[in-house]
Amino acid sequence: MSLLIIGNRSHQLLVGLVEDIKKEDNSLRIDILSQETTNTVYKTDGLYDNIFYLKMANVFNKFRFIKGVFKQILFRKRIKNISDKYDFIHIHYVEDIILRDVDFFLKNIKAKLIISIWGSDFYRATTKKRKALLKLLNAANTVTIANKKAKEDIELYYAGKLKTNGIKICKFTIKQLYNVMELTEKFNKIDSRNVLKFKKDITIITIGYNASKMQQHLDVINILEKHEGIVKKAKDILLVFPLTYPKDTDYIREIKDRVDKSPFKAKVITEFMTDDDVSHLRNATDIMVQVQTTDMFSASMLEHLYAKNSVITGSWLPYQELNEWGISYSTIDVISGLGDELYQIFLKQKNNDINLNKNTQIIKEKLSREKLIGNWLKLYKE
């Protein structure tokens, strides 16, 4: 059986998924068509049987418009030349390069088509792009998404127009979550704080999980500074900002400058973190604040929940499925409500009035590697 994935070959979610699929069924040939225009080599490239990319002369890469035109031409050529050589073509995240040329793409697809929507490829799409996306979805043999709420949103938006036999829920395996599972068996919270050189007797609050402006770091700092109760406890609090990616230098500098002027102790992490470093941070944290503007199914938040952190997130984010599972976490309806919610959790933790053990067990049951990989393999076997 042969499979061509169209997607970002170095993305950690896709890399983790392909690695786990290969472990389970090594007879499946998995090639990938990625959008790189230069001969970039990634350490994970060995996972794929063949790699295709959109190679062009360096001179074209210097001019954005010309690069865009040539990428589209090269993408057409690739699709025309290789799309009839596979049993399945699987799109992971619907990129603009496909939507712009959707009629050509569908005309030249010979294999069974599977589309996995990742979230922002629907939520942040314009009306025009959503119209092109509908064509793609209606031509697919199978459509998947990782989140129940997002599934409902898409089906509601395209009500009466979606011809597919329903969208299937297929969650990604989460390599980092499994690392957290293993590490927390060996290290307790104090152990992890020692590894990271954090004080033992302080409340660690981790703000977001990357350097994207969507994480609203500056708004969070402003809100905490305005809360009298939290400011009074500032000496007992360490704010941690994991900003290892993306490399938005200006925004990271803005956060650092803002933190320097705040009453709180803070640790801004910009250097590379190993998988174990990340797991120790999850384990060392007491409270995680996750109030980004949009999301699908935050793996980082799940890792914090597994590590028995109190989590505060926005009710505007599509995590209703976690409620159905029985996961305990806190929500706020507007970001301005963060201060009061965080202060109440801070006090409860100081009084040992929070028990989050059940979160660990639920996540272990719902997101086991074997269960999730079985769902993906079923797509190809069916």
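Which residue in strand 12 does V289 stand opposite? I looked that up to start with, bearing in mind that this is a predicted model. The partner is I312.

**Strands 11 and 12.** I then checked how the two strands are joined. Strand 11 (residues 287–290) and strand 12 (residues 310–314) run parallel, and I found 4 bridges between them.

**The whole sheet.** Stepping back, I traced an open sheet of 6 strands with parallel pairing, in the order 10-9-8-11-12-13. Its edges are strand 10 (265–269) and strand 13 (330–332), each of which pairs on one side only. I also looked at the twist: ignoring direction, neighbouring strands of this sheet are turned by 20° against each other on average. Something packs on the sheet too, namely helix 15 (residues 299–306), and I see it touching strand 8 (203–207), strand 11 and strand 12. The direction of helix 15 makes about 150° with that of strand 12.

**Aromatic pairs.** My count came to 9 aromatic pairs. I picked out F172 and W376: their ring centres are 5.4 Å apart and their planes sit at 45°, so I logged the pair as tilted, since that angle is neither under 30 degrees nor over 60. The pair links distant parts of the chain, 204 residues apart. F172 is in the loop between strand 7 (168–169) and helix 9 (175–186), while W376 belongs to helix 19 (residues 369–381).

**Surface patch.** Last stop, the surface. V59, F63, F65, I66, V69, F70 and I73 make up a nonpolar patch there, and together they have about 650 Å² of accessible area. Which helix gives the most to the nonpolar patch? I got helix 3 (residues 64–82), with 5 residues; I73 lies in this helix.

Note on methods:
Residues are numbered from 1 along each chain as its sequence is written. This is a predicted model: local features need pLDDT of at least 70, side-chain atom pairs count only at pLDDT 80 or more; totals for chains, interfaces and linings use all residues. Side-chain values use heavy atoms; hydrogens and water are left out. Patches are made of residues with over 30% relative accessible area and no salt bridge: like charges are joined within 9 Å, nonpolar side chains (Val, Leu, Ile, Met, Phe, Trp, Tyr) within 5 Å. Accessible areas come from the Shrake-Rupley method with a 1.4 Å probe; for residues, only the protein chains shown count as cover. A salt bridge is a side-chain nitrogen of Lys or Arg within 4 Å of a carboxyl oxygen of Asp or Glu. Two strands pair if DSSP finds at least two bridges between them. Axes are lines fitted to C-alpha atoms, for helices over the stretch in contact, and angles run from 0 to 180 degrees between N-to-C directions. Contact means heavy atoms within 4.5 Å. Rings of Phe, Tyr and Trp (its six-membered ring) pair if their centres lie within 6.5 Å; planes under 30 degrees apart count as stacked, over 60 as edge-to-face and the rest as tilted.
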